[in-house]
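Reader: I am new to this structure and would love a close look at one part of it. Could you walk me through the place where chain B and chain A meet?

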Amino acid sequence: MGEILLPLLILSPLAASLVVFVSAGRLSACAVGTLACTGVGMSAVISVILSVMLLSGPATGTLQVMLWPWIHIAGFSADIAFMLDRISVVMILVVTIVGLLIHIYAVSYMHDDPGIARFFGSMTLFIASMLVLVLASDLLCLFIGWEGVGLCSYLLIGFWYDTPANTAAARKAFYMTRMGDAALLCGLLLLATAAGSLHIGTVLAAVANGQVALSAVNMAALFILIGALAKSAQIPFQTWLPDAMAGPTPTSALIHAATMVTAGVYLIARLHDLFVMAVPVMALMAVLGALTLLMGACTALVQSDLKRILAWSTISQLGYMFLALGCGAWQAALFHLMTHAFFKALLFLTAGAVIVRTHHEQDIFRLGGLRHAMPGLAAAFITGASALAGVPLVTAGFYSKEMILSGVWAAHFRLTHEWTLSGHVLWGIGLLGAFLSALYIFRCVFIVFFGKSGTTATGRTSRLMTIPLSCLCVLSLCGGIIEMPMTFPPLHLFSALLDPTLPPSHADEPGWLVLVGAIVPLAGLGVAWVLWGRPSPIMREIPGQAAVIRFARTGGGMDVVYDHLFVQPFRFLTWLTRHDILDHAITGTGRLTQAVSTSVLRSRTGFLDILTLGGRRGIRSADHLLGQIHNGRVRWYAAWIVGGLCAGLAMAVLA
Amino acid sequence: MSPLPALVLLPIMGGGLAWLTERIQLHTATTSPPSRNASWWMMLATLIVETLLLAGITFGHPTRTGPWLEHFSMPWIPTMGIAVRLDLDGLSLSLIWLSLILCFLCACLATRQVTVKSGAFYFLFLMTLTGIIGTFVATDLFLFFFFWELMLVPMFVLIAVWGHEDRQRAALKFFMFTQGSGLLMLLSILGLVITHDRETGVLTFDYFALAQTPLSPTLSMLLMLGFFIAFAVKLPVVPVHVWLPDAHTQAPTAASVLLAGILLKTGGYGMIRFNVMLFPDAAIHFAPIAMGLGVVGVLYGAWLSCAQNDIKRLIAYSSISHMGFVVLGIFTGSRLGMQGAIIQMLAHGLSAGALFLIAGAIQDRLHTRDMHRIGGLWAAMPRLSASGLFFAVASLGMPGLGNFTGEFLVLLATWPVSPAIATLTTVGLVLAAIYALRMVNRVFLAAPRVDPLLLKDLPARQTAVFACVMIFLVVLGLYPQPFMIFSGPSPLSVTATTSREDHAP
Amino acid sequence: MIGHDVFLPTPLPVLCVGITVMLAATAWRRSVDRSFLSGMVTLLLALAFVGHHTGTAPDNGDSLFIQDRWTNYTAILIMLSSMCILLMSWRDGTHDRTTLVDEYPLLCMLGALGALTMVFSANYMPFFLGLEILGISLMGLVTFRHRPVMQGCEAAMKYLILSGVSSAILLFGVGLAYGVTGSLRFMPPITTGDVSPALPVAATVMILIGMFFKLSVVPFHMWLLDVMEGAPVPVAAFLAVVSKIAIFSALVRYFGTGDQPPFLNDILYVVIILTIIGGNLLALRQTSFTRLLACSSIAHVGYLLIAFLCPGRLQSGAITVYLAAYTASTLGVFAIVTAMITPERPDGTVIAQWKGLFFSHPFLASAMSLMLLSLAGIPPGIGFFAKFEIAATGVEHQRNLLLGVLIIGSIIGLYYYLNIIRVMMTAPPLPSASLNRHVRPELMALVIVLTVIVVIGGLFPARAIHPLLPVSPVVPAMQNEMTMH
C-alpha cells in the first residue's frame, strides 16, 4: 500500500496544481482555493498514514518506491525513485501539515486577487516539488525537486509583477540560489563520476567504504554545502531572502520561512555520512552558521519593516540549524527545523493578518498599540515570538534551541594536528544569538502591539485565517515537549524517532547549560521590555542616523558590495558587449573584400585616367570616333597584353 | 521496397502540389470565392502522410534486428561511384521525428499568417524539409552534400522574401557562411574519396566503405577539420556563429523554427555521424580544442543573450549557448556525452522552436520584437505567456525538462575528462537563468505596456499544440531512457566507440 | 606538310553551303525572318552531320582537320548555342525596326563557322583562319547594338584593335613554331636538333598568350567587359559562350590533356589564381548585368583551367560537364535577360531595375535564380555537379592553393549571384507596370528547355561524363590510358 501512497502523496498536490493552472480564469476563487486545499490536505492525510505505517514498522525500516529508471547506461544510472525513512517522515509532516494550514489561511488572504489561480497553482506545485525533494532517494530526483521549489519561489516572489521591484527581487532570489544550484550540480557530477550512480544509498556507501578519494569527498561536500547555503540564505548568499518578502505573505510563510529555505538543512542531514568524512567542511559549515545567526539577529534588531524583521530572523534561525549540522547535532538541527517551521509560519501569518487589517502598513513604527484592536492576533504573535525567543519550558523553540546548544557545546573540530576549534566558542555565539533573538522579536512585539496606537485597524480576521493561526499556536507551544533536554525527564521522542537513521549525538552536557539557555532568552525579553516595552519606553525609535545602524539595516552592506562587485560590472560588461564583436569582425572582412573589389575597379579606370592625360595630347587630331575610343584605354589594354606576354615569356624562359 | 526514398521525396512533391493548388485557386478565384486555405490543407496532408510513413517505419520494427533500420541503394552516377544510398538508424529517425513535430507546429501556428504567396511559402518550406530529411538519411557522401546544399536554397528564399526588416542581408549572410563552409566539407569529402581510391582502387562515396579508409594522422586531421568547420558553422560554434543571430531574427517565424529547431541539428548530426565516426582518432586528438570551443560557445552565447533586447535575438543567442553543450557532449568521446548531445538537440529543438513560435505570435500582434516596448503580456494573454514562461524555464535548464537531461548528461560526460571545463560550463547555467528570466520579466510577467484589449490570446487549439510540446519536454526530462536507447547513432564503427568508452568511467 | 587528300568534317561544308545560300538569298530579296530560318536550318543540318566527314584522315596525322569525340562534343555545344543565340536575337527588341537586319544571322553563322573551324582544326592554318573569321564576324555583330550607337561602335573598335594585337602575337608564335619544327601541325613545338630550347618555349608562350586573350583570362581580360556591355545581349552571349568554347576546345587540342611542361604549369597556376580572384572581385561591384556576366565568365574560365591543369581520369568528365553546365546556365541567363528587354526599355541590363521580378514574372525569376545558382554551383542545378567535378580533379592532384582560390572565388561569386536574386526578391517600388507582361513565346520555350536541361543535368549527370578529351600530343603515353576508358 505504501507503494501506492507514496507517489500519490506527491501526485495529489501536483494534480491540483495542474488543474488549477489549466483551468486558469475559469474557476472561481473559492473553487481554486478549495481545490488547492484538497490537494494539499490529501497529501497531509497520506503523509500521516505513511508516518504511522513507517513508525509502526521496524526501527530501521524504510519505504522504497522505484517508479522508473531515469537513465541506465554503462557506468551510470539514476532513477526516479522515492524513499520514506525517518528523516523524510519529519519533513513530509512539516511540509504537508504546515503547508495545509498556510493554504487554508491563503484561501482567505488571497480571495480577491485576480491572479489567485496562478498563486495556488504555484503554491501546490511548490508543495509537490518540496515533497519530491524530501522523498527522493536519488540525488538526481532530489535535484529536480530542488530546482522546482526554486522556480515556484521565483514565481511567487514576483507574484505581483506590476511592480518592477518585486520581479527584481524574484530574479535576485533565483539567480543567487541558481549559483548554489550550479555548485550543487558540480557536487552531484563529482559524486556521480566517483560512485557511478546518484542513488543516495549507493553514493553514501561508496563514500563510506573509501571508494571515493578523501579530497573528492571534501570537494563534493564543499560543493553541496555551497548549494545548501544558497538555498538557505546563509552567508554569503543571505541577501536574497529579505528581498523575497516582496511576495504575498502566505508565500513568505510557507517558502521563505517554513520549508524551502530549510531544504539546505535537510540535504545536509540527508547526506550526513558524506559530511562526517569532510571535517573541514563541517567546520566551515558551523562557523558560517554561527556567523549567519549572529549577523541575522543583529540586522533584525535594526529593521523597521515587520516582514523584514521576520526574514532576517529566519536567516538567523537557519544559522542555528547550520551550526547544529556543522557540529554533527543532526537531530537538533532537524528538531529546530520543525519547531521553527511552526513558530515562523505562525509569526508570518499573524504578521500578514496584521498587515491586511492595517491597510498594508509594514513599518513597525507606524503601527502600535494593536493589542486592543486585535487581541487574538496579538496573542498569536506573542506566542510565536516567545517560541522564537525560546522562552523556557512553555515554548517549542526553547527545547529545540536548547538541543542545538548542548550539541554545539560538545563539539570540537580537529582541523589539523595543532589546529582545533572548540565548540565552546560557537556555543557562546549561539547563546549571544539567543539573547539577541529575544531582544529583536520582543522589540517588535512591544512596538507593534503595545504603546500608543499608530494606525487604525479595520475589519475582522476571517475564520479561515484564525483556524490555521490557532493550530500553529498550539504547535508552537507544545511542539517542543516531545524532546526534552537530557537533564529533564526522559522524554526523547524526537531523538528516538531519528536515532535509527542518524548517528546519535548525545553527549554528556552539564546541567548548568540548560539553565543558562533558559535564562538568556528571559534576559533578552527583559531588556526588550526595558528599552521598548515600558509605558515610557527608553527607545521608541532607533536613531537611524547612526552610520552603524544604517550599515546594519542593509544587512551589513552585503547587498551594496555585491551590487558593486558583481551586478554593476556584469551589467556594464554585457552592455559593452551587447553587439557581437565577432560579428563585427567578420562583417569587416566582407567590407574589406568589397573595398578591394572597388579598388580593383578603380585601378582599372584610375590608371587609365592618368595615362589618358598624357596620351590625349598626341591624338588631338584624330577624328571624332577615334577621339572617343582613343582616350588611352585601348592602348592601355594593349599594354596589358604586351606586359602579360613579356611576363609569360620571362617566366617560361627564366624558369 | 524501402520507404526511404518516399520519405525524402514526399515533402517536396507535396509542396509542389500545394503550390499548384494555390495557382489553380488564383485562376479560379475570379469565378468562385476562394476557400482560403486549400494549399495549406495540402501541406498539412503532406505532413500527415509523411508522419504516417515515418510511424510505419518506426513501429514496423518491433525488434531491432540490426543497427540500421532501413536501407536503400540505387546507382546514380556509376562512373564516379556515386549512388543514392539511404540508411536510417535511431539517430536519424529521432531527428526526423523532431523535424516533423516542428513542422506540424509551424503548420498549425505560424504558416497561417503567411498571406503573400502562401503556396510558394509552403513549397519552399517543404522543400527545406526534404533537404533536411535527406541530410539525415543519406549515407553517400555526395548525396549528403547534395542535400546539405539543397536545404539552403529554400531557406534563403524563405528568409529573403518573407522575413523581417533587414531580411535580405541576413539571408545573404546565412547563405554565404553555410555555403562557404560547405565547400570546405566538399574538399574533405573529395580528399577522403580520393585517398580511398588510391589505397583501394575503388572510387566510391559510400559512407561505410570510406569509414574503412586507412588514413595517416595528419591527413585524417585535415579531412576531419574540413568536416568540422562546415558543421561548426551550421551548429554554430562560436567564432563562426555570426550568421545565426541575424538569420534567426530576420526569418519569418516558421523559418526561424526550422532554423533553430532542425537546421542547427544537422550540424550536430554531422559531427556525430561524420566527424566522430569517420575519423575517430582525429576526433580524439581534436577533442580538447572542440571542447574548448564548446565551452566558449556556452558562455559566449549565454553572455550575449543576457544583453539582447530583441526577443528573437535573445533566443538566437541562447541557441548558440545550447549548441555549445552539443559540441561539448559529442567530443567528450564517451557514449554518454553523445547521448546527452542528442537529447540536448531534441530538447532544444522543441523548446527553442516553441519560443520562436511565441516570439512570432507576439510580433504578429504587437509588431515589435523589442522587449522594452512589449511590456507585460500576462494580463492580456495568459495562455501565451504561460507557454512562454514554460519554454523559457525549459531553456534555462530546469530539471525535469528535456534540456536539463541533455545538459546534465553532457556535463556528466565532461566531468571525468576535465572537471574544470565542466565547472566552467555550469556558469553557463547561471547565465541561462539570467537571460531566460530577464526575458520572462520583460515580456510576460511585467506591468502591461500595451492596451490589453488590443491583444488576442492564443486560441485554445494552438495552446493545445503547445501543450503537446510541453508534454514531450517533460517526458524527455523525466523519462529519457527510452529515447536514449532509441536515438543512439548506429555503431558504424562499433570498435571506435567501445574502445573509447574505456576512457569514460 | 599538309596532306592532299582533304579530310573534312561534314559540318564545315554544310555550314559553308548554308552561308552561301543565305548570302545569295539576301542578294535576291531581303527578309529577316527567312534569313533567321535558313540559319536555323543550316545549323540543324550541320548538327545532323556531326560525326561525318569527307575523305579519309591520313595515318601520320598530318591533316588540316581532325575529328574525334572531343571535337564532336564541342561542335555540338557550339551549334546548339548558336541556335539558341539565333533564337534569342530573332525578334530582338533592341533592333532598329526601321532597318532590316538580315545580315545579323549571316554574321552569326559566320561566327559559328569560325568557331567550328577552330574546333576541328589540326593545323595552324585552319585554326588561324577560324580565329579570324570568328573575330571579324564578331566585330560586325558587336556593332549591331542599335542604341546607343556609339557604345556599340566603340566596343567593336576596341575588339578590333585588341584582337589585332593578340592575333599578331599569336601569329608570331606560330611563325616561331614553324621555324623550330618546320611543321604547321597544331601542337606545341618540340625541340629537335640544335635549336636553342628558348625558341620553342617562346613560341608556345606567345601562342598561349594569344589564346588567353581570346579566352579573356586575367590579365588579358580588360576588353571583355567593355565589349560585352557594348554589344547586343545575344551577341554578348555569343562572346561568352561560343567563342570561349571554341578557344577552349582549341586550347585543349593544342596542349592535350597530359601533363603539361613545367613552364606551362607555372604560367597556368598564376593565370588561374589571377583569373578566379580577379574575375570574381571585378564582378562584385558591377551594376550592369552584362558586365557582371562578363566578369563571371572570366571566373568560370578560371575554374575550367583548373580542370585543364589536372590531368587524370576525372579530368575528362569535369571539363565536359563544366562546359555543358556553363553553356546551359549562361545561355539561360542571357535568354532571360533578353526576355526582359523591350523596345521601351532597352536597358534591361541594369541590375537595379530587376527589383520585384519575383512578383511580376515568377517563372522567369525562378528560372533565373536557378541558372544563377547553377553558375554558383549549388544544387539542384547542373553547375553543382560541375563544380564538384572540378574540385575533385583539384583534390586528386592536390592543387591545394588552387582549391583554396576556388573556394574563395566561389564564396565571392556566391555573393554577387545571390545579390541578383536578392534584388529580384525585393518588393518593387511601384506596381510593375514598366515590365512587359508578355514574353516572346520562342524565348519562353528556350528558357523552359534550358531550365529543364539544367535541372535534369543536375539531378542525373551520369550521362554527361564520358571520356571525350583528345590525347595529348606531347605525352603519347597517355593515349593508352585514355583509350582504356
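Author: Here is a friendly tour of that interface, followed by some salt bridges in chain B. This is a predicted model, in which local features need pLDDT of at least 70, side-chain atom pairs count only at pLDDT 80 or more, and totals for chains, interfaces and linings use all residues. Residues are numbered from 1 along each chain as its sequence is written, chains are lettered from A and ligands numbered from 1 in the order in which they are written, and side-chain values use heavy atoms, with hydrogens and water left out.

Let us start with the contacts (heavy atoms within 4.5 Å). On the chain B side, 56 residues touch 48 residues of chain A. The size of an interface is often given as the accessible area lost when the parts come together. Here the buried area (accessible area, with a 1.4 Å probe, that two parts lose on being put together, summed over both) is about 4,600 Å², and carbon and sulfur atoms give 74% of that. Within chain B, the residues that lose the most area to chain A are B:Trp303, B:Phe408 and B:Trp415, together 14% of what that side buries.

What kinds of polar links cross over? There are 10 residue pairs in polar contact, both at pLDDT 80 or more; such a contact is a pair of N or O atoms within 3.5 Å, where within protein one must be able to donate a hydrogen and the other to accept it, and residues adjacent in sequence count only if both atoms are side-chain atoms. Salt bridges (a side-chain nitrogen of Lys or Arg within 4 Å of a carboxyl oxygen of Asp or Glu) number zero across this interface.

Several helices (DSSP runs of H or I, at least four residues, numbered from the N terminus) give two or more residues to this side of chain B, including H7 (167-200), H12 (280-306) and H16 (382-395). The largest share, 11 residues, comes from H18(B).

Helix H16 also takes part in a link inside chain B. The side chains of B:Asp457 and B:Arg383 form a salt bridge (3.8 Å, N to O). B:Asp457 sits in the loop between H18 and H19 and B:Arg383 in H16, so the pair ties together parts 74 residues apart in sequence. B:Asp457 is buried, at 15% relative accessible area, while B:Arg383 is partly exposed, at 31%; buried means under 20%, exposed over 50%, and partly exposed in between (1.4 Å probe, protein chains only).
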